[in-house]
Amino acid sequence: MRPLKVDFAPARRPIAALVAWAVICALLTVGLGIGAWRAWDRRQVSAAQAAADAEQITRLQATLRARADQAAAAAAPPSYARDALTVARTAVFPTQAVLRSLETVAVDGVRVTAIELNAVRGGADVSLEFDDYKALLAYLELLNEGESMQRWTLVRAEAAGMRRQAVIRSVW
């Protein structure tokens, strides 16, 4: 028997394939690096542009505010503004409440002769005839009864002979 002699072939290393793989990896790394550099550069340009845009927006807003302030200072109110304000005050004036308070109070010897509603001032002037001062003060006290503040005040009271007149005023 002869001894068996076995020769093992040297391991083949695919050098060409490894070199090709290395070249491909190197090219991919370089390509990715260049792409990353370009993306970084674009990001820097975009950030600089955004900062410039923000600064320009701030300047434009300041200019716009200054022009608006100048326009507001130079603007004259429209010719109908005073009349419109009067109409608005008249619309919100509590006419019904004023008349209701006068209707609900009755004192012997006191008569209402005239009512002047002034919505612009926010009040009413009422002319009265009265027999004596005690009745007039009782009437005024009854008008103010139950109110959170004294709405009705005596403006003047005059006596000329038998005729006595007074004016009371309310603020609403």
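Me: Which residue's side chain meets that of R59 in a salt bridge?
Reply: This is a predicted model, in which local features need pLDDT of at least 70 and side-chain atom pairs count only at pLDDT 80 or more, whereas totals for chains, interfaces and linings use all residues. Residues are numbered from 1 along each chain as its sequence is written, and side-chain values use heavy atoms, with hydrogens and water left out. Taking a salt bridge as a side-chain nitrogen of Lys or Arg within 4 Å of a carboxyl oxygen of Asp or Glu, the residue whose side chain meets that of R59, at 3.2 Å from N to O, is E55.

Me: By how much of a helix are R59 and E55 separated?
Reply: Helices (H or I, at least four residues) and strands (E, at least two) are DSSP runs, numbered from the N terminus. Because R59 and E55 are four residues apart in helix α1, their separation is about one helical turn.

Me: What relative accessibility does L27 have?
Reply: L27 lies in helix α1, which covers residues 15-74. With buried meaning under 20% relative accessible area, exposed over 50% and partly exposed in between (1.4 Å probe, protein chains only), L27 counts as exposed because its relative accessibility is 59%.

Me: How much accessible area do I15, V19, V23 and L27 have together?
Reply: Patches are made of residues with over 30% relative accessible area and no salt bridge, like charges being joined within 9 Å and nonpolar side chains (Val, Leu, Ile, Met, Phe, Trp, Tyr) within 5 Å. Areas come from the Shrake-Rupley method with a 1.4 Å probe, and for residues only the protein chains shown count as cover. I15, V19, V23 and L27 form a nonpolar patch on the surface, and their accessible area together is about 390 Å².

Me: Which element gives the most residues to the largest nonpolar core?
Reply: A nonpolar core is a set of buried Ala, Val, Leu, Ile, Met, Phe, Trp, Tyr and Cys residues joined through side-chain atoms within 4.5 Å, and the largest one has 19 residues, with V110, L128 and Y139 among those that have the most contacts inside it. At least two residues of this core come from each of α3 (95-104), β2, α4 (133-144) and β4 (163-171). The element that gives the most, with five residues, is α4.

Me: Which residues does V110 touch, not counting those up to four places away in sequence?
Reply: Contact is taken as heavy atoms within 4.5 Å. Once residues up to four places away in sequence are set aside, those that V110 touches are L128, E129, F130, A135, L136 and Y139.

Me: How many of the residues of β2 are buried?
Reply: Two strands pair if DSSP finds at least two bridges between them. Strand β2 (residues 123-130) runs antiparallel to β1 (residues 110-118), to which eight bridges join it, and seven bridges join β2 to β4, again antiparallel. The strand is largely enclosed by the rest of the structure, because the buried residues of β2 number six of the eight.

Me: Which residue of β4 stands opposite E129?
Reply: E129 of β2 is the bridge partner of R111. In β4, the residue opposite E129 is Q165.

Me: How many residues apart in sequence are the parts that R111 and D131 tie together?
Reply: The side chains of R111 and D131 meet in a salt bridge, with N and O at 3.8 Å. Because R111 lies in strand β1 and D131 in the loop between β2 and α4, the pair ties together parts whose spacing in sequence is 20 residues.

Me: Which residues are joined into one network by salt bridges that share partners?
Reply: R121 and D125 form a salt bridge with their closest N and O atoms 3.3 Å apart, where D125 counts as buried at 13% relative accessibility. Elsewhere, salt bridges that share partners make one network of R111, E129 and D131.

Me: How far apart in space, C-alpha to C-alpha, are R164 and D132?
Reply: R164 has its place in strand β4, where it is the bridge partner of A159. Leaving aside neighbours within four places in sequence, the contacts of R164 include D131, D132 and E158. R164 and D132 are 32 residues apart in sequence, and their C-alpha to C-alpha distance is 7.8 Å.

Me: Which residue takes a positive phi in the hairpin of β3 and β4?
Reply: Eight bridges join β3 (residues 152-160) to β4, and the two strands run antiparallel. Their hairpin has two residues between the strands, and the residue with a positive phi, near 70°, is G161.
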